[in-house]
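Trainee: I'd like a close look at how one pair of helices packs in this one. Start there, then work outwards to whatever else deserves a look.

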Amino acid sequence: MCADDHPSVTIFRDRHNERQTVAKALFFDIDGTLMDTFGKHDATIPQSTVNELHRLQGEGYKIFIASGRPLGFLSEAITGVGFDGYVLFNGGYVEIGGKPVSERRMGFKAACLTAEVLDGLHAQYMIEARDTIYIDRRFERMWSHFSQFAGGDKVKFVQDFDRAKALRECIKLEADFPIQNTGMLAQLWNNLGQLDKIDENGTGNHAEFYSRRISKAVGLQRALDYFGIAREDSYAFGDGFNDLEMVEYAGCGVAMANGVDQLKKVADVIAPPVAEDGMARILRDLFPV
């Protein structure tokens, strides 16, 4: 068992005083929000949505990705839009203008215990750090699937690594379980429920694990602080459970009609479904030309 410690938090200061006051800040989840990824492997953000995003940027608004994904899982179809910043790892890491703004790691004890429990359940998992995705050689299925992500030159996918170093750098663990093992997530809750956040992603055999001290709302606030934007001038768009805190915290929280019911209950606005050009439509409604 690893020694006890506390989650590592790093705040990166803006040394050049480049902050400026802008009218609004908009934060977007990806899957099921910006683009319809259900059952699709080559989904992209609709051009109608890209056009609206660029229109709002032209009016001085800041636009951000707010995702559970690490940086290496953002395709060119996403980064090529030209977002002003990224709230990633469900709020564990914030990057603006290509520079880190904040990073909150899982904590060595929590990461070690989570990995031990996952090993005991014969799960395949990856250790996600800011610029490296660690996938053990034992986990061939996970490596085959996830190493295809480009990641760019800022993110490395590695199979041979120092396990203790990787767990110290860990912001989030992501795991797949044998489908035939029912009740596995309930067992994980019993073992880790008081230690980690567990996001089931709406499936029965996939989950993400990260510090209870982070959420997309935490990352949203870091980005607002960076630009000096008031909370009431923020908008958050999502569809899933990991969007709950963000949508509830933002000045205006928007849930997609295809989203989970719990999110729609806390949202201020319900947008049309993503598959029906819902994002472009709601942006035009909220911010008329």
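Mentor: Okay, go to helix H1, residues 47-58, and helix H10, residues 278-286: their axes come within 8 Å of each other and cross at roughly 30 degrees. Since an angle under 35 degrees counts as roughly parallel, H1 is roughly parallel to H10. Keep in mind that this is a predicted model. In general, two packed helices are described by the angle between their axes and the distance between the axes. Here you can add the hand as well, because the crossing of H1 and H10 is left-handed by the rule of an anticlockwise turn of less than a right angle.

Now the side of H1 that does the touching. From H1 come Ser-48, Thr-49, Glu-52, Leu-53, Arg-55 and Leu-56. What they meet in H10 is Met-279, Ala-280, Leu-283 and Arg-284.

Back up a little from H10 and you reach the loop that links strand S15 (269-271) to that helix, and Asp-277 sits in this loop. Look at the backbone there: Asp-277 is not a glycine, yet its phi is positive, about 60 degrees. With a relative accessible area of 28%, Asp-277 falls between the 20% and 50% cut-offs, so it is partly exposed.

There's another positive phi to set beside it, at Asn-90, with a value near 55 degrees in a residue other than glycine. Asn-90 also belongs to a loop, the one between strand S4 (85-88) and strand S5 (93-96). Is Asn-90 buried or exposed? Its relative accessibility is 1%, which is under 20%, so Asn-90 counts as buried.

Next, strand S8, residues 132-135. Thr-132 and Tyr-134 point one way from S8 while Ile-133 and Ile-135 point the other way, and all of them are buried. On one hand S8 pairs with strand S7 (residues 124-128), antiparallel, through 3 bridges, and a hairpin of 3 residues connects S7 to S8. In that pairing Ile-127 stands opposite Tyr-134. S8 also pairs with strand S9, residues 156-158, in the parallel sense and again over 3 bridges, with Ile-133 opposite Phe-157 of S9.

Stay on Tyr-134 for a moment. Its relative accessible area is 6%, so Tyr-134 is buried. If you ignore neighbours within four places in sequence, its contacts include Tyr-125, Met-126, Ile-127 and Ala-129, as well as Val-158, Phe-161, Lys-165, Ala-166 and Glu-169. Asp-160 lies 26 residues from Tyr-134 in sequence, and the two C-alpha atoms are 8.0 Å apart.

A quick word on the cysteines: a search of the whole structure turns up 0 disulfides. For Cys-170, the nearest cysteine sulfur is that of Cys-112, 9.5 Å away, against a limit of 2.5 Å for a disulfide. Cys-170 is buried, at 0% relative accessible area. Cys-252 is buried too, with 13%.

Finally, zoom out. The protein has 10 helices and 15 strands. Of its 289 residues, 53% count as buried. Take the contacts between residues at least 6 apart in sequence, and 62% of them join residues at least 24 apart.

Note on methods: Residues numbered from 1 in each chain as written. Predicted model: local features only at pLDDT ≥ 70, side-chain atom pairs only at ≥ 80, totals over all residues. Heavy atoms only, no water. Buried < 20%, exposed > 50% of the residue type's maximum accessible area, 1.4 Å probe, protein only. Helix = DSSP H or I, 4+ residues; strand = E, 2+ residues; numbered from the N terminus. Pairing = 2+ DSSP bridges. Axes fitted to C-alpha atoms, helices over the stretch in contact; angles between N-to-C directions. Parallel < 35°, antiparallel > 145°, perpendicular 65-115°, else oblique. Contact = heavy atoms within 4.5 Å.
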